[in-house]
Amino acid sequence: MILDADSISKRYGDDLAIDDVSLTVDSGELVGLLGPSGCGKTTLVQTIAGHVRPTAGTVSLRGEDVTEEPPEQRQVGLVFQQSTLFPHMTVAENVAYGLEATGMDPERRAERVSEHLDLVGLDGRREAYPAELSGGQQRRVELARALAPGPDILLLDEPLSALDRTLRTRLRDEIGRIQRATGVTTLFVTHDQEEAMALADRLVVMDDGQIAGAGAPRDLYESPPNSFVADFLGRSNVLRAPVDGSDPLTLSVGGRNLQFEPATDSTTGDAVTVRARPRGLSLGVPDDPDAALSVPVTVTRISDRGTRYDLICRTEDEELIVEHEAEPPEIGESRTLSIALDNLVVFDDGTGKRIDGTLSTLESATPTAQSDGVGDDEEGTRSSGFK
Amino acid sequence: MSPVDALSGRRPTRPTGLFLPALLGGLLVVYFAVPFAAFLARTGSVDILGGLSSPEARTAIRNSLLTAPVATLIATVFGVPLAYVLARKSFPGKRLIEGLVILPLIVPPVVGGAMLLTAVGRFTPIGSAAAAAGIPLTGSLSGVVLAQTFVAAPFVIITAQSGFSAIDERLEQSSRSLGHGPLATFWNVSLPLARGAIVAGIVLTFARAIGEFGATMMVAYNPRTMPTRIWVEFIAGGIDAIVPLALALFAITLTVLAAVQYFGRVPTVIER
């Protein structure tokens, strides 16, 4: 394990910027640290780099406690959101700067500078001053400068946030390439979930100074541990589901009753929240026998996203987003949304935590309900009446 | 802008809101220029070289050229680190220290001189100890340096502080993370980046030190420096008597300014 930040807290006056955060990064890993602005990501990175002293907790690098060590003894590469290239030094001098401190002989140093400028494709600009470079080139030189001394871990603190979208995507891919080429252990901080999901082997999501979730990007996306992570990693449709009966536990979702078997004993209160990703929803035919859940809706808005359409559909009291790839329906059209049960994730309404369990249809209620078609209120009453 | 203006390629003159500020500022510029021109107009009738070749004048020039650079050096060596700490750290009592730094600027120099006398005068513990050790702090070149440093040092401190403050702290953090300690970072990054401001401060401090009169007169009326000599000659011989020394003083300051700008490649004295 290269980095082990253990129970880090940082207090500024009365303000707790990070609250008992633990984070580990293994050798060669690219970990994405994701969270909204002001959630404490930068403070955490500054603590790891040694520019901020934690109020509590320890930072270990290569298995060695470095909490009291100054930044210059940590062998941590650091790239900020804004350029911190030294404006009075040329590109080559900037890249060589970190090597001077190692006492490397000048010949070897020059070689390493060339290697790293080659790596970022800027060997031709070695005599240029930072002010003569474009924003993207500055980022590249900064990467080269941070990598040249061979740091044990590279900390990238929102390195792409100040760039325009096209450049951001291009540099994002390039960072991925450079990381694979050098194998450098990397902690990549961002508030952009797309960026984090595209790059990271593993994601750590922070919220309000605490870790809200950690895991493989796809796992976090598909079964978020809580509603914060669900919201932060892309859009989801939120359906409030009142508890309609307790043995078996019955939830009323979109006017339809579903049976829910929690994996562990848990109290649910009188309502839970059910979420579904927009691509888990599809326009169905009214009497689709395969759809576990079909919700009658009216299409209210269509937004063309190039590769797909986002359909905004209304039920009686909720708005749902559907990602749709075929020809879109007309606005105002009444349709039925089909949702497969394995696309639904149940969350505790109060704590926001995910409740693991199995959802299934109430066999007895379904046929009657489906043959009756629309009119959810009526239908809801009827299915509860059946029990 | 008329089409004719556009065709002839002339820049359209826009009599916009700048007229009034320009008028007010212009009046002040005229007020600076007139005494200067009037004084220079006197030079024709005065034997400048003759005035400068008297033993008294030569001693005064020598004394000024000995003391002002020393005062500037002291102010820089102690003032720049102080400026760096003030720019980078916040600590209890920082406001007080910043207030102390500008105190010499707001206290009239002659009062500042009197304050120095009460601290290091001949009959004070410090003054008598120094005198016993053979370094009299009043009525000596050391006294002149003390007076000049007291009055002139704030310029380099304040200018350097604003120079250091303008550097993004993350540049220093990058340097630290690249393996350079705090001293190396100061030397390699902070100092070069604040160079323009520091050089400007040094020039201002030198100009203030070599022209210092009020505090010097209190602490060390003797030996004479150029400003105190100018005063003595003015009392004895009026305006014409002081023209040679005044011009010499002006020339020295200008030369230093030009040299510093040339070697330091600083565009203007007050860049920021």
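Student: What makes about 1,700 Å² the area buried between chain B and chain A?

Tutor: In this predicted model, that figure is the accessible area the two parts lose on being put together, summed over both. For chain B and chain A the loss comes to about 1,700 Å², and carbon and sulfur atoms give 60% of it.

Student: How many residues does each chain bring to the contact?

Tutor: Chain A gives 24 residues and chain B gives 18.

Student: Why is the pair A:Glu72 and B:Arg176 called a salt bridge?

Tutor: The rule asks for a side-chain nitrogen of Lys or Arg within 4 Å of a carboxyl oxygen of Asp or Glu. Here the closest N and O atoms are 2.6 Å apart, so the pair of A:Glu72 and B:Arg176 meets the rule. Across this interface the rule finds one salt bridge, along with 10 residue pairs in polar contact.

Student: Which elements of chain B give two or more residues to the side that touches chain A?

Tutor: They are helix H9 (169-177) and helix H10 (182-193). The residues on that side of chain B divide into nine polar, seven nonpolar and two charged.

Student: How do you know that helix H8 of chain B has a span close to what is expected?

Tutor: H8 covers residues 141-165, which is 25 residues. The expected span is 1.5 Å times one less than the number of residues, so the value to set against is 36 Å, and H8 reaches 35 Å from its first C-alpha to its last.

Student: What makes B:Ala152 the place of a kink?

Tutor: The bend is the angle between axes fitted to the seven residues ending there and the seven starting there. At B:Ala152 in H8(B) there is a kink of about 40°, shortly before the proline B:Pro154.

Student: What is notable about the bond joining B:Asn222 and B:Pro223?

Tutor: Most peptide bonds are trans. The bond between B:Asn222 and B:Pro223 is cis, with omega about -10°. B:Pro223 sits in the loop between helix H12 (214-219) and helix H13 (226-237) of chain B.

Student: And what stands out about the phi of A:Arg62?

Tutor: Most residues other than glycine have a negative phi. A:Arg62 is not a glycine, yet its phi is positive, about 50°. A:Arg62 lies in the loop between strand S4 (56-61) and strand S5 (64-65) of chain A.

Key:
Residues are numbered from 1 along each chain as its sequence is written. Chains are lettered from A and ligands numbered from 1 in the order in which they are written. This is a predicted model: local features need pLDDT of at least 70, side-chain atom pairs count only at pLDDT 80 or more; totals for chains, interfaces and linings use all residues. Side-chain values use heavy atoms; hydrogens and water are left out. Contact means heavy atoms within 4.5 Å. Buried area is the accessible area (1.4 Å probe) that two parts lose on being put together, summed over both. A polar contact is a pair of N or O atoms within 3.5 Å; within protein, one must be able to donate a hydrogen and the other to accept it, and residues adjacent in sequence count only if both atoms are side-chain atoms. Helices (H or I, at least four residues) and strands (E, at least two) are DSSP runs, numbered from the N terminus. Ala, Val, Leu, Ile, Met, Phe, Trp, Tyr, Cys and Pro count as nonpolar, Asp, Glu, Lys and Arg as charged, and the others, Gly among them, as polar.
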